[in-house]
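Biologist: Please take a close look at the buried side of one helix. Start with a single residue elsewhere as a warm-up, then stay with the helix and whatever packs around it.

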Amino acid sequence: ALGDFAGLLEAMTADPAMLVWLDGGNSKRERPNENYSREFLELFTMGEGTYTEADLREAARAFTGWTPDNRDRSFDDRRPQFAFEDDAHDDGPKTFLGETGNWKAEDVVRITLDRPETARRLVRRLYSTFVAESPAPGAELIEPLAEILRSSGYSIRRAVEVILRSRHFYSKDVEGRRIKSPAEY
């Protein structure tokens with residue numbers, strides 16, 4: 001939780017549970033599956049309305065190549081394992097968020113993290129988790145936090161540290177705004 005966001009995104013992309021849940025283990029060069037790329041862009045990184053359907057399709061092509069790693073090449077529901085196979089990956093040129101290249105998953109992560117929308121969305125989510133769910137913080141709070149996040153290499157630890165040490169975190173305006181249940185706490 002306190003590592004870097006890029007590492008988390010790359011690990012999620014190759015995680016067996018994610019590959020099963022969002023059909024990444026069936027996403028091949030001939031038939032790229034868009035489930036993971038949609039969740040990656042919409043829920044995990046940039047947010048709705050910040051990318052095009054073409055970007056989504058190109059990201060899906062970059063996420064291809066994972067195949068079940070067992071003899072019968074099927075999912076073992078108890079302990080699925082996957083291997084990356086170059087032959088199953090679409091290694092052709094892709095244009096994703098305005099950049100063209102023979103992208104793989106790690107390139108999509110890098111390009112996505114270069115976008116200011118990603119940092120803004122992540123710090124908004126951190127803010128709502130640790131400070132207050134509403135009202136939404138304004139640009140005067142979000143932009144400096146987003147810059148700290150970007151300049152620290154997307155260090156979650158650094159962003160949370162800045163939030164928790166800020167005068168804003170201890171101000172009367174947000175006192176008692178983020179009450180957590182015992183389980184959440």
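**A buried helix face**

Modeller: Histidine 89 has a relative accessible area of 2%, so it is buried (under 20% relative accessible area; exposed is over 50%, partly exposed in between; 1.4 Å probe, protein chains only). This is a predicted model, in which local features need pLDDT of at least 70 and side-chain atom pairs count only at pLDDT 80 or more, while totals for chains, interfaces and linings use all residues. Residues are numbered from 1 along each chain as its sequence is written, and side-chain values use heavy atoms, with hydrogens and water left out.

Histidine 89 sits in a loop, with strand E2 (82-84) on one side and strand E3 (94-96) on the other. Helices (H or I, at least four residues) and strands (E, at least two) are DSSP runs, numbered from the N terminus. Beyond residues up to four places away in sequence, histidine 89 touches nine residues by name: Arg29, Arg61, Ala62, Thr64, Gly65, Phe84, Lys94, Trp103 and Lys104. Contact means heavy atoms within 4.5 Å.

Now to the helix itself. Helix H8 covers residues 156-165, and isoleucine 163 belongs to it. With 4% relative accessibility, isoleucine 163 is also classed as buried. Leaving out residues up to four places away in sequence, isoleucine 163 is in contact with Leu126, Tyr127, Phe130, Val131, Leu145 and Phe169. Take tyrosine 127 from that list. Its C-alpha lies 7.3 Å from that of isoleucine 163, although the two residues are 36 apart in sequence.

Isoleucine 163 has buried company in H8: Ile156, Ala159, Val160 and Val162. Look down the axis of H8: the buried residues fall within an arc of 160 degrees, so they line one face of the helix. The arc is taken from the directions from the helix axis to the C-beta atoms. An α-helix has 3.6 residues a turn, so residues three or four places apart point the same way.

What covers that face? Among the covering parts are helix H1 (5-14), helix H6 (116-130) and helix H7 (139-151).

Two of these helices return in another list. H1, H6 and H8 each supply at least two residues of the lining of the largest pocket. H6 gives the largest share of that lining, with five residues. A pocket is an open set of points on a 1 Å grid over the protein atoms alone, where a 1.4 Å probe fits, with protein on both sides within 12 Å along at least five of seven lines; lining residues have an atom within 4 Å of a point.
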